[in-house]
Amino acid sequence: MSRIVVVSNRVALPQKSGGSAGGLAVAVNAALKDKGGIWFGWSGRVAPEPSDAPEVTHRAGITYAVIDLTGEDYQEYYNGFANRVLWPVLHYRADLAEFSRADLSGYMRVNRMFADHLARILKPDDIVWIHDYHMMPLARHLRERGHMNRMGFFLHIPMPPADIIQAVPQHAQTVGALAHYDLVGFQTDGDRDNFARYLEFSGGRITPDGTGCDIGGRQVTLGTFPVAIETAAFARRARHAHRTRYVKAFRESLSDRKLIIGVDRLDYSKGIPNRFDAYEHFLRTVPEWHDRVSYVQITPKSRTDVPEYQEMDRDVSHKAGQINGAYSDVTWTPLRYVNRTYSRSALAGFYRVADAAMVTPLRDGMNLVAKEFVAAQDPCDPGVLVLSQFAGAAAELGAGALLVNPHDTESMAAALKRALEMPLAERRERHSRMMRVLEARDIDHWAEAFLEALVPEETSARRAIALPRAAIRSVVRLPATWARDLLLRGA
Ligand SMILES: O=P(O)(O)OC[C@H]1O[C@H](O[C@H]2O[C@H](CO)[C@@H](O)[C@H](O)[C@H]2O)[C@H](O)[C@@H](O)[C@@H]1O
Ligand SMILES: O=c1ccn([C@@H]2O[C@H](COP(=O)(O)OP(=O)(O)O)[C@@H](O)[C@H]2O)c(=O)[nH]1
């Protein structure tokens, strides 16, 4: 059977302690866990002279192969073009983009370097699954090196309308290069449709149902695959974490006050200052809640070498200080603002203690925290999700969450009050609506759906031979045609 080769900038290396504070690594890790395969990407390290050979680790059916970047690569490709041009523009913030030709050329150079490494390990029948905005031109570089494998791309972040995409300087070389994949997947139908329009403006012909494009003699399939979580496992994790000493101590620290929780990387897309404004408005206008609620905002620092992130770090800390300065007293701190990374087990326990979660990004591809919060709740006494209408998660959880516009401070404050005062029956009803979605579409479903769309025959063959894991391990070295033959013989 064919191997699955996953490529992404961020890799969840098994030896790295603590949680990885980023949804891509969390999701890909969960998806690969059951399937096995190769995961190729950046080690997260910078070295003056990176080795020519990737560092390889094998763990539980996954081969991790990672490379270091030079300081120049890190600066131009990661901090520069990926995180100062593609990230802001695709999050509808063209005003924050800082473009330089040097950064674009660093971005293309690193993509070519990834292609050179991959060219050494790829076999003709490998299925290649590439992730996110760091790697948009990779298929083109691989095709130029003669690799005709099935190649799929999944975009974890939003895809804005075509006229915003066109704000990316030289967009045809980067976003436009997605046309070299066989399948391009998005988090929501809106993202997919925006990209279809962009391809149309670039001369492509879109099929009437919007899921295919004929461009430059190539056929590209477009699909929607909302990224998910390991719902049942995360719910178990939360039940277990709730009983640990650590989470018990956290609960006791609240002294019977209600808990509002927020968990986000320190990123301007997450709307943390807007959320703080809403909390401040809530405290100012609803004094009866003083001393009866604590808001814990867990915010690991992110992309700390990018100036826009440094600026936002200062702004958010300042706002947190102002709120506490204005409303605290000697026995009550209304806002606990914490710049630390917690393990996902600890987070699962914290979510379960919480009465409400504020997940209010200005734009977000999906937002796994929203899904994790729901999965972690006690169904008999669940907390309430306050969710931005601009998170990809709103498309699936909108029927159970309190949807808010993160630019509307007063409505967000009102939603917070409603969440804290919501009757038990309504909380249960809303929670069960969201859980039904998360149970039906978990992380296995996400990976299966994507691979099914990329290589339909291969995926059904995999399913047909759903043997115990040990047996699967002993057959993976057989030729790709083996599973198909087995199926045809009706075995
Ligand atoms: O790798 P970093 O630069 O440290 O950033 C962390 C990750 O952030 C982004 O995550 C996105 O993927 C999530 C899972 O699909 C999704 O829920 C979220 O909305 C996205 O923002 C980024 O896309 C990843 O590449 C980064 O690794
Ligand atoms: O201290 C932290 C904060 C976050 N996360 C995890 O990081 C992911 C964040 O993913 P999300 O999709 O919400 O946003 P992203 O950071 O990828 O934009 C979630 O799985 C969180 O559980 C974590 O492990 N520790």
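**View 1. Ligand 2 between the two domains of the predicted model.** In this predicted model, the shell around ligand 2 takes at least three residues from domain 1 (4–228 + 441–489) and at least three from domain 2 (231–440). The shell has 18 residues, and those that come nearest to ligand 2 are Gly23, Arg265, Lys270, Tyr342 and Glu372. Sorted by class, the residues around ligand 2 are 8 nonpolar, 5 polar and 5 charged.

**View 2. Polar contacts of ligand 2.** Gly23 places a backbone N or O atom 2.5 Å from an oxygen atom of ligand 2. The side chain of Lys270 has an N or O atom 2.8 Å from an oxygen atom of ligand 2. For Asn367, the distance from a polar side-chain atom to an oxygen atom of ligand 2 is 3.5 Å. On its own, ligand 2 has 550 Å² of accessible area, and the protein covers 92% of it.

**View 3. Helices around ligand 2.** Three helices each give at least two residues to the shell around ligand 2: H1, helix H12 (344–353) and helix H13 (368–376). H13 provides the largest share of this shell, with 3 residues.

**View 4. The shell around ligand 1.** Ligand 1 is surrounded by 20 residues, of which Arg10, Tyr78, Asp132, His156 and Asp364 come nearest. By class, this shell around ligand 1 has 8 nonpolar, 7 polar and 5 charged residues. Domain 1 (4–228 + 441–489) and domain 2 (231–440) each contribute at least three residues to the shell around ligand 1.

**View 5. Polar contacts of ligand 1.** In the side chain of Arg10, a polar atom is 2.8 Å from an oxygen atom of ligand 1. Gln187 has a side-chain N or O atom 3.1 Å from an oxygen atom of ligand 1. Arg265, listed among the residues that come nearest to ligand 2, also has a polar side-chain atom 3.3 Å from an oxygen atom of ligand 1. Ligand 1 taken alone exposes 560 Å², and 95% of that is buried by the protein. Two or more residues of the shell around ligand 1 come from each of helix H1 (23–35) and helix H2 (71–90).

**View 6. Where domain 1 meets domain 2.** The domain assignment divides the protein chain into domain 1 (4–228 + 441–489), which is written as two segments, and domain 2 (231–440). Taken over C-alpha atoms, the centres of domain 1 and domain 2 are 30 Å apart. Across the boundary, 29 residues of domain 1 are in contact with 30 residues of domain 2. Between them, domain 1 and domain 2 bury an area of about 2400 Å², and carbon and sulfur atoms give 59% of this area.

Definitions and conventions
Residues numbered from 1 in each chain as written. Chains lettered and ligands numbered in written order. Predicted model: local features only at pLDDT ≥ 70, side-chain atom pairs only at ≥ 80, totals over all residues. Heavy atoms only, no water. Near = heavy atom within 4 Å. Polar contact = N/O pair within 3.5 Å; in protein donor to acceptor, adjacent residues only side chain to side chain. Areas by Shrake-Rupley, 256 points an atom, 1.4 Å probe, with all protein chains shown as cover. Helix = DSSP H or I, 4+ residues; strand = E, 2+ residues; numbered from the N terminus. Nonpolar A, V, L, I, M, F, W, Y, C, P; charged D, E, K, R; others polar. Domains from an automatic or database assignment. Contact = heavy atoms within 4.5 Å. Buried area = accessible area lost by both parts, 1.4 Å probe.
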